[in-house]
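Let's take a friendly walk through a protein model, one piece at a time. Keep the sequence and the 3D view open as you read.

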Amino acid sequence: MSGIRVMIVEDNEDLREEMEFQLESAGFLVRSAADSVELDALLAQERCDVLVLDLNLPGENGYSIARRLFDPQRLCIIMLTARDEIDDKTRGFEEGADSYMVKPVDRRELAACIRALYRRVALPERFASEWALYCAARELVSPDGRRLGLTATDVTVLSALAAEPGRTRSRQEIVTLLGIDFMETPEGRTNTIISRLRQKLTHFDPELRIVSWRNQGYSYVGPSIQQTPTGIRV
């Protein structure tokens with residue numbers, strides 16, 4: 001898990017330099033800033049995966065920065081502060097923090113927290129330029145980040161059809177995948193399941209096409225869809 005891009009926002013210069021040295025030694029790509037102005041300048045030049053953010057800063061405070069930069073698809077936020085009151089922690093999470101850590105913190109714990117949070121954004125980033133089906137979360141996500149909620153039945157059918165675009169799957173295959181007794185299932189029920197899914201997909205994006213082949217079955221002929229069973233929500 002190398003190459004994780006970390007930005008530190010801390011106005012105490014000694015502490016900022018110490019944290020930067022420790023995290024670089026742990027293998028992270030680290031940049032640091034003393035306030036929101038310097039942070040924004042850094043973000044204009046490069047991306048950040050995990051933001052380690054102090055609360056008491058000159059100018060814009062950490063709460064405001066977290067609220068402004070909140071983007072769970074692309075950025076994880078660790079609030080690292082001396083403020084340990086429950087109201088401060090609660091507000092931190094409400095403003096967008098993924099983790100709230102109280103100073104002083106062991107460098108190993110901070111590094112472990114960064115890696116754990118990065119795993120949340122790493123998989124979606126892998127699919128950033130492709131269609132992605134998150135099976136357990138029951139969501140189809142477009143390359144530009146649009147999301148389509150699906151039913152469990154939708155996911156089962158789409159997962160099977162999209163696994164091999166262009167391949168025709170028979171009605172019996174579809175019914176069996178759904179755990180339904182083929183001999184007791186009217187053909188109309190299967191057609192209804194497919195029809196509802198097809199309408200949902202084409203309404204979301206016309207390229208997402210399911211074709212019915214008379215007396216043969218169904219096939220998916222749209223763009224490639226990457227799949228993950230983990231259900232990670234981004």
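## The nonpolar core

A nonpolar core is a set of buried Ala, Val, Leu, Ile, Met, Phe, Trp, Tyr and Cys residues joined through side-chain atoms within 4.5 Å. Keep in mind that the model you are looking at is predicted. Its largest nonpolar core has 22 residues, and the members that touch the most others are Leu140, Leu158 and Ile225. Which elements give two or more residues to this core? They are strand S6 (131–134), helix H6 (152–163), helix H8 (187–204) and strand S10 (217–220).

Try clicking on isoleucine 225 to see what surrounds this residue. Setting aside neighbours within four places in sequence, isoleucine 225 is in contact with Trp131, Ala132, Leu133, Leu140, Leu158, Ala162, Leu208 and Tyr220.

## Serine 219, a buried residue

Now find serine 219, which sits in strand S10. Is serine 219 buried or exposed? With a relative accessible area of 1%, serine 219 counts as buried, because the cut-off for buried is under 20%.

The chain folds back on itself here, as you can check with one pair of residues: serine 219 and alanine 160 are 59 residues apart along the chain, while their C-alpha atoms are separated by 9.5 Å. Leaving aside neighbours within four places in sequence, the residues in contact with serine 219 are Leu161, Gly166, Arg167, Thr168, Arg209, Ile210, Val211 and Trp213. With one of these, tryptophan 213, the side chain of serine 219 makes a polar contact of 2.8 Å.

## Helix H1 and its two sides

Helix H1 covers residues 13–25, 13 residues in total. At 1.5 Å a residue, H1 should span 18 Å, and its end C-alpha atoms are indeed 18 Å apart, so the expected span and the model agree. The buried residues of H1 are Arg16, Met19, Glu20 and Leu23. These residues cover an arc of only 100° around the axis, which means that they lie on the same side of H1. On the face turned away from that buried side you will find the exposed residues Asp14, Phe21 and Ser25.

Both ends of this helix are worth a look. At the N-terminal end, asparagine 12 acts as a cap: one of its side-chain oxygens lies 3.1 Å from the backbone nitrogen of aspartate 14. After H1 comes glycine 27, with a positive phi near 105°.

## Helix H4

In helix H4 (residues 86–95), the buried residues are Asp88, Gly92 and Glu95. Looking down the axis of H4, you would see these residues within an arc of 75°, so they line one face of the helix. What do the buried residues of H4 pack against? Their partners are helix H3 (62–69), strand S4 (76–81) and strand S5 (99–102).

The face of H4 turned away from the buried side carries exposed residues: Ile86, Asp87 and Glu94. Just after H4, glycine 96 has a positive phi of about 125°.

## Strand S3 and its partners

Strand S3 (residues 50–53) is covered on both faces. Val50 and Val52 are on one side, Leu51 and Leu53 are on the other, and all are buried.

S3 pairs with two other strands, S1 and S4. Strand S1 (residues 5–9) runs parallel to S3, joined by four bridges, and isoleucine 8 stands opposite valine 52 in S3. The pairing of S3 with S4 is also parallel, over four bridges. There, leucine 53 has methionine 79 of S4 as its bridge partner.

Technical notes:
Residues numbered from 1 in each chain as written. Predicted model: local features only at pLDDT ≥ 70, side-chain atom pairs only at ≥ 80, totals over all residues. Heavy atoms only, no water. Expected span 1.5 Å × (residues − 1). Buried < 20%, exposed > 50% of the residue type's maximum accessible area, 1.4 Å probe, protein only. Arc of directions from axis to C-beta. Polar contact = N/O pair within 3.5 Å; in protein donor to acceptor, adjacent residues only side chain to side chain. Contact = heavy atoms within 4.5 Å. Pairing = 2+ DSSP bridges.
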